[in-house]
Amino acid sequence: MPTLSRRFFITASNPELFLQWQPQREAQVLSPLSPTQIQKQRKVLESKLISALDCCTSVIQIKQVHAHLLLQGLDQCCLVLAKLIRTLTKVNAPVETYPRLIFEQVRYPNPFLWTAMIRGYILQGSVSESVNLYSCMRSVGTRPLSFTFSVFFKACGAAQDVSLGRQIHAQTILVGGFASDLYVGNTMIDMYVKCGYLNCGRKVFDEMPDRDVISWTELIVAYAKNGDMESAWDLFVELPVKDKVAWTAIVTGYAQNARPREALEVFERMQNEEVETDVVTLVGVISACAQLGVSKYANWVRDVAESSGFGPCDDVVVGSALVDMYSKCGSVDEAFKVFEGIKEKNVFSYSSMILGFAMHGRGHAAIQLFHDMLKSEMGPNHVTFIGVLTACSHVGLVEQGRQLFAAMGNHYGVAPSVEHYTCMVDLLGRAGHLEEALELIETMSVEPNACVWGALLGACRTHRNPDIAQLAADHLFELDPNNLGNYILLCNIYASAGMWDKVSRIRKLMRVKGLKKNAGYSWIEAKKGEIHEFFAGDMRHPMSTEIMQALEDLLNRLKANGYVPNLNSVAYDIHDDEKKHMLTNHSEKLALAYGLLSTDVDCPIKIMKNLRICEDCHEVMCGASKITGREIIIRDNMRFHHFHNGSCSCGNFW
């Protein structure tokens with residue numbers, strides 16, 4: 001009676017994970033196999049075992065494959081054993097036990113098996129052991145692979161261990177043959193960049209005989225993160241074949257470095273080149289539109305997003321970015337329409353809209369949306385609370401702000417961060433509760449930073465409290481000694497109090513430190529979408545004569561209605577006539593005059609400004625909105641001001 005050979009089954013959740021021997025009758029006469037056929041069958045079996053390992057999700061399943069491997073006499077097959085060890089690493093089996101035992105039973109491990117073990121130790125945090133293993137590998141004369149070095153470079157980059165990285169770099173030279181290896185070169189560049197040695201990464205790049213788009217893009221991204229967009233752009237221009245990733249890197253680089261015009265120009269070129277657009281690219285260019293704050297580009301980018309299949313209705317990431325963009329472009333109602341159209345809203349879309357309402361002074365709408373979010377059983381995160389606390393701050397909802405701040409940790413499990421404390425100090429300070437704000441800082445659960453003390457200093461300017469201002473400034477000068485804004489703010493506080501000797505002392509300190517004030521400038525979008533910039537006292541605009549005449553006429557009309565220049569807005573001990581001249585030439589006033597000359601009477605005048613609007617300009621905008629009948633919208637570096645019929649949306653609470 002014929003007997004059947006053993007059947008072998010591997011059970012797993014995946015039905016494809018099944019290996020089986022077919023029965024053979026003892027009486028059957030088999031033709032002898034040639035060495036080529038035997039080798040072919042062995043390759044097929046190895047391939048099946050590797051495929052089986054790809055499907056393993058537990059140590060038990062891996063052991064079943066290992067058992068099959070042993071039964072087939074493949075206990076010395078480095079190819080399959082390397083895969084076995086990599087799979088054990090993937091399921092977090094300790095390298096020192098099972099994988100090490102497998103490795104030590106192999107008489108002649110090849111480079112793949114050595115590298116699998118080295119990689120296993122690295123992934124489990126035993127970098128020193130991986131280095132020891134590499135030394136053993138070299139001592140027995142085994143030559144490493146390119147993957148051996150790339151594994152080390154990735155580990156050094158992640159740990160920011162440039163010392164070990166340089167030693168491994170030296171090994172690539174000593175071993176030889178890796179100077180032209182593209183994969184090794186790219187991971188070496190990445191290692192140096194992550195360790196903060198961008199120049200070393202560039203040197204590796206320059207010495208590589210062959211480069212691919214990854215080599216170029218790694219450095220473009222690194223230069224962009226380092227703020228060196230000139231070097232990033234030069235590399236991008238030299239890149240022979242530019243793919244979507246490279247285009248995205250340069251667009252987002254300009255956006256992240258507050259150069260929105262360049263970001264939009266490059267994105268337009270990308271569109272002209274018909275390069276595919278994805279979510280990452282869109283979010284980068286939408287961020288640029290938000291910084292620039294002009295409607296023409298905002299609507300264009302939205303059209304591109306929809307035509308690319310990433311419309312706000314279907315893609316919540318793009319939708320949330322568009323909500324933020326329209327809010328920062330002064331179109332909060334359009335932002336809310338986009339928000340309402342998002343089908344699957346998440347915490348980010350809600351938070352974007354809450355922040356949008358907050359920056360426009362719609363505190364009650366922001367808080368109502370926060371409660372709507374809670375009703376949808378969606379938990380708020382730390383950004384959501386920054387939004388609602390900012391909303392409370394901008395409209396003076398002190399008690400509601402206190403309640404929300406207390407509820408963060410108690411009811412929603414969000415621990416207050418330094419940003420939340422900054423919002424609360426700003427809220428209390430704006431409302432005149434300076435002592436309470438100071439007490440909050442002194443009892444913070446985290447270390448107060450420059451933003452917290454800066455919020456208190458700003459409140460001291462509003463409420464003219466030089467004593468607490470000096471205390472806040474002392475901390476600021478220690479934490480952020482080269483931030484010019486802190487010195488200017490303190491100067492303004494002393495100037496408002498008539499303490500000119502202290503103003504002189506602060507200005508002298510600024511000169512000693514070599515600190516120079518950033519020029520205040522404003523920009524406005526003309527009819528055809530062109531952007532016109534105005535600097536304080538700048539007469540280079542081609543319509544300067546007409547602008548100054550229109551501004552003079554406007555100020556005369558305002559004076560006839562009781563306007564008196566607010567000289568406290570000039571923090572200099574100079575003659576009143578000089579102060580009036582300085583106030584007249586503020587950039588937002590020049591932009592307003594141009595807007596009155598160049599925009600349709602039924603359209604709002606939108607002005608963007610890089611600094612905070614001064615009290616005198618705020619008063620002028622209120623008056624201008626009444627006597628001209630025009631809606632004026634100004635975005636400064638803190639918030640939006642909507643001027644209509646003689647009043648501002650901020651209720652003078654700013």
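The legends below accompany several close-up views of a predicted model.

**View 1. The whole protein, with its 32 helices and six strands.** The radius of gyration of the protein is 33 Å, well over the 26 Å that the globule rule gives for 654 residues, so the protein is more spread out than a compact globule. Measured out along its principal axes, the C-alpha trace spans about 120 × 55 × 55 Å. Of the 654 residues in the protein, 48% are buried, and the protein exposes about 31800 Å², with carbon and sulfur atoms supplying 52% of that area. Among the contacts with a separation of 6 or more, 62% are accounted for by residues that are 24 or more positions apart.**View 2. The open sheet of six strands, which has the order β2-β1-β3-β4-β5-β6.** The pairing in this sheet is mixed, and strands of a sheet in general pair through backbone hydrogen bonds, either parallel or antiparallel. The edges of the sheet are formed by β2 (531-535) and β6 (647-648), each of which has a single partner strand, so one side of each is left without a neighbour in the sheet. Helix α31, made up of residues 587-598, lies across β1 (521-525), β2, β3 and β4, and the helix runs at about 155 degrees to β3.

**View 3. Strands β3 and β4, paired in the parallel sense.** Strand β3 covers residues 605-609 and strand β4 covers residues 632-635, and the two are joined over four bridges. In this pairing K606 stands opposite I633 in β4, while the bridge partner of I607 in the same strand, β4, is I634. The side chains of β4 are divided between two directions, with I632 and I634 pointing one way and I633 and R635 the other way. These four residues of β4, R635 included, are all buried.

**View 4. The loop between β5 and β6, where N645 is placed.** This loop follows β5 (640-644) and leads to β6, the strand of residues 647-648 that stands at an edge of the sheet. The phi angle of N645 is near 55 degrees, which is a positive value in a residue other than glycine. With a relative accessibility of 54%, N645 counts as exposed.

**View 5. The loop between α20 and α21, where E377 is placed.** Helix α20 (363-375) comes before this loop and helix α21 (382-395) comes after the loop. Phi of E377 is near 65 degrees, and this too is a positive value in a residue other than glycine. The relative accessible area of E377 is 75%, and E377 is therefore exposed.

**View 6. Aromatic pairs between helices α18 and α19, with F336 and F357.** A pair of aromatic rings is described by the distance of the centres and the angle of the planes. In the protein, the count of aromatic pairs comes to 20. The rings of F336 and F357 have their centres 5.6 Å apart and their planes at 45 degrees, so this pair is tilted. Because F336 lies in helix α18 (residues 332-341) and F357 in helix α19 (residues 347-359), the pair ties together parts that are 21 residues apart in sequence. F336 counts as partly exposed at 27% relative accessibility, whereas F357, at 6% relative accessibility, counts as buried. For F339 and Y350, the ring centres are 5.1 Å apart and the planes stand at 75 degrees, so that pair is edge-to-face. The pair links distant parts of the chain, with F339 in helix α18 and Y350 in helix α19, 11 residues apart. Both F339 and Y350 are buried.

**View 7. The surroundings of S349 in helix α19.** The relative accessible area of S349 is 0%, and S349 is buried. When its neighbours within four places in sequence are left aside, S349 is in contact with V316, S320, F339 and I342. One of these contact residues, F339, also forms the edge-to-face pair with Y350.

**View 8. A cluster of aromatic rings.** Ring pairs link Y134, F149, F152 and F178 into this cluster.

Notes
Residues are numbered from 1 along each chain as its sequence is written. This is a predicted model: local features need pLDDT of at least 70, side-chain atom pairs count only at pLDDT 80 or more; totals for chains, interfaces and linings use all residues. Side-chain values use heavy atoms; hydrogens and water are left out. Two strands pair if DSSP finds at least two bridges between them. Contact means heavy atoms within 4.5 Å. Axes are lines fitted to C-alpha atoms, for helices over the stretch in contact, and angles run from 0 to 180 degrees between N-to-C directions. The radius of gyration is taken over C-alpha atoms; the globule rule is 2.2 Å times the number of residues to the power 0.38. Buried means under 20% relative accessible area, exposed over 50%, partly exposed in between (1.4 Å probe, protein chains only). Accessible areas come from the Shrake-Rupley method with a 1.4 Å probe; for residues, only the protein chains shown count as cover. Rings of Phe, Tyr and Trp (its six-membered ring) pair if their centres lie within 6.5 Å; planes under 30 degrees apart count as stacked, over 60 as edge-to-face and the rest as tilted.
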